[in-house]
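Biologist: Could you take me on a close look at one part of this model, starting from a single side chain and then working outwards? I'd love one connected answer that I can follow with the structure open.

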Amino acid sequence: IGALVPDKRWMELLLDLDLPVRIVPRLETLEPGEAAELGLSHVGGCIPMADGSFGSRTALLFEEYSDMPGCRGKAQIWQSELDLWMDKAASLGLKTAVHAIGDGGVEMALKSIERLKQEDRPRLPRIEHAELLTDDQIERIAEMGISLAIQPVFEELWGGPNRLYARRLGERWKRTNRYRDLLYAGVTLAGSSDSYITPIDPLRGIRAAINHPNPQQRVSLIEAIDMFTINAARAEGLDNESGSISPGKLADFVVLNENIFGKALETLVVEITIIGGKIVYKKGV
């Protein structure tokens with residue numbers, strides 16, 4: 001589980017816990033040195049925030065909101081402040097993540113990374129959400145090897161022609177969460193829940209990805225599974241040890257009640273969870 005923790009004290013408590021599952025802890029802070037002091041390799045997440053959300057019309061857009069003329073959202077951090085944060089994180093060798101939803105917010109994150117020389121850029125840079133992207137931004141994301149933490153259930157809840165994204169963005173709803181285009185460009189998409197916004201439920205995320213309300217952006221079942229397994233591991237730099245069932249990798253996997261292929265995904269449930277070769281969860285026990 002990727003754990004985004006917004007407080008250093010909470011992180012200290014989390015690191016002391018003996019949990020039955022593996023976590024990848026990331027400290028959300030504007031002071032990357034705090035993450036380094038705790039011996040962490042990851043920093044960022046929803047802090048720093050380049051912009052806000054579509055719902056509150058605070059996601060930063062290139063064009064105005066369809067239901068509020070003149071409003072293009074609002075940056076939640078100065079570009080210079082984000083640049084300084086990126087510099088500090090890169091100098092400490094930390095893997096970074098920045099929250100950006102609108103194309104304007106994503107542009108801030110991209111500019112912050114692009115201004116650095118290739119050898120000075122942060123390790124495995126990631127953008128949280130990146131829901132509205134231009135073709136040019138997709139090309140640059142792929143070129144720089146930036147991964148995206150995506151939440152397919154957002155489309156299930158708010159995507160399509162008659163829901164929130166369409167009200168806020170008009171016809172731009174067709175350009176939200178362009179999974180097919182991103183995969184075609186070679187971008188690593190790491191499946192996520194953004195809990196507590198949606199439940200921690202990878203199977204629901206897989207269903208949502210293959211049933212994207214825009215048919216042109218739907219993915220195959222295999223691609224959706226990859227988002228929540230090997231792609232998520234690759235985004236964290238852990239694909240050599242986890243993310244797939246292979247000799248030499250960690251014996252971390254789940255057992256479902258039915259074969260995931262050829263079955264109605266709505267009927268699937270996790271029966272057993274195995275971590276390090278040991279059963280840590282059994283349904284009904």
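Modeller: Let's start at H212, whose side chain comes within 3.4 Å of the backbone oxygen of T176. Bear in mind as we go that this is a predicted model. H212 lies in the loop that runs between α9 (202-210) and α10 (221-227). Is H212 buried or exposed? Its relative accessibility is 1%, so H212 counts as buried. If we set aside residues up to four places away in sequence, H212 touches E155, T176, N177, Y179, Q217 and R218. T176 therefore appears twice for H212: its backbone oxygen is reached by the H212 side chain, and buried H212, at 1% relative accessibility, also has T176 in its list of contacts.

The loop before α9 is worth a visit too. Y196 sits there, between β7 (189-191) and α9, and the peptide bond leading from S195 to Y196 is cis, with omega near 20°. Another cis peptide bond links I47 to P48, with omega about 5°; P48 belongs to strand β3 (residues 42-49).

Following the chain out of β3, you come to the loop between β3 and α3 (79-91), which holds R57. R57 is not a glycine, yet its phi is positive, at about 60°. Because its relative accessibility is 22%, R57 counts as partly exposed. A130 also has a positive phi without being a glycine, in this case near 45°. Its setting is the loop between β5 (123-129) and α5 (135-144), and at 3% relative accessibility A130 counts as buried.

Now for the interior. In soluble globular proteins, nonpolar side chains tend to be buried together. Here the largest nonpolar core has 49 residues, and I127 and L148 touch the most other members. Helix α4 (residues 103-114) gives the most to this core, with five residues. A separate, second core has 13 residues, among them A59, Y65, I101 and L132. Back in the largest core, I127 has contacts beyond its neighbours within four places in sequence that include V98, A100, V106, A109, L110 and L148. I146, S147 and A149 are also in contact with I127.

Finally, look at the surface, where I1, L17, L19, V21, V280 and Y281 make up a nonpolar patch. Together they have about 490 Å² of accessible area. One of these residues, L17, is placed in the loop between α1 (8-16) and β2 (24-27).

How values were computed:
Residues are numbered from 1 along each chain as its sequence is written. This is a predicted model: local features need pLDDT of at least 70, side-chain atom pairs count only at pLDDT 80 or more; totals for chains, interfaces and linings use all residues. Side-chain values use heavy atoms; hydrogens and water are left out. Helices (H or I, at least four residues) and strands (E, at least two) are DSSP runs, numbered from the N terminus. Buried means under 20% relative accessible area, exposed over 50%, partly exposed in between (1.4 Å probe, protein chains only). A polar contact is a pair of N or O atoms within 3.5 Å; within protein, one must be able to donate a hydrogen and the other to accept it, and residues adjacent in sequence count only if both atoms are side-chain atoms. Contact means heavy atoms within 4.5 Å. A nonpolar core is a set of buried Ala, Val, Leu, Ile, Met, Phe, Trp, Tyr and Cys residues joined through side-chain atoms within 4.5 Å. Patches are made of residues with over 30% relative accessible area and no salt bridge: like charges are joined within 9 Å, nonpolar side chains (Val, Leu, Ile, Met, Phe, Trp, Tyr) within 5 Å. Accessible areas come from the Shrake-Rupley method with a 1.4 Å probe; for residues, only the protein chains shown count as cover. A salt bridge is a side-chain nitrogen of Lys or Arg within 4 Å of a carboxyl oxygen of Asp or Glu.
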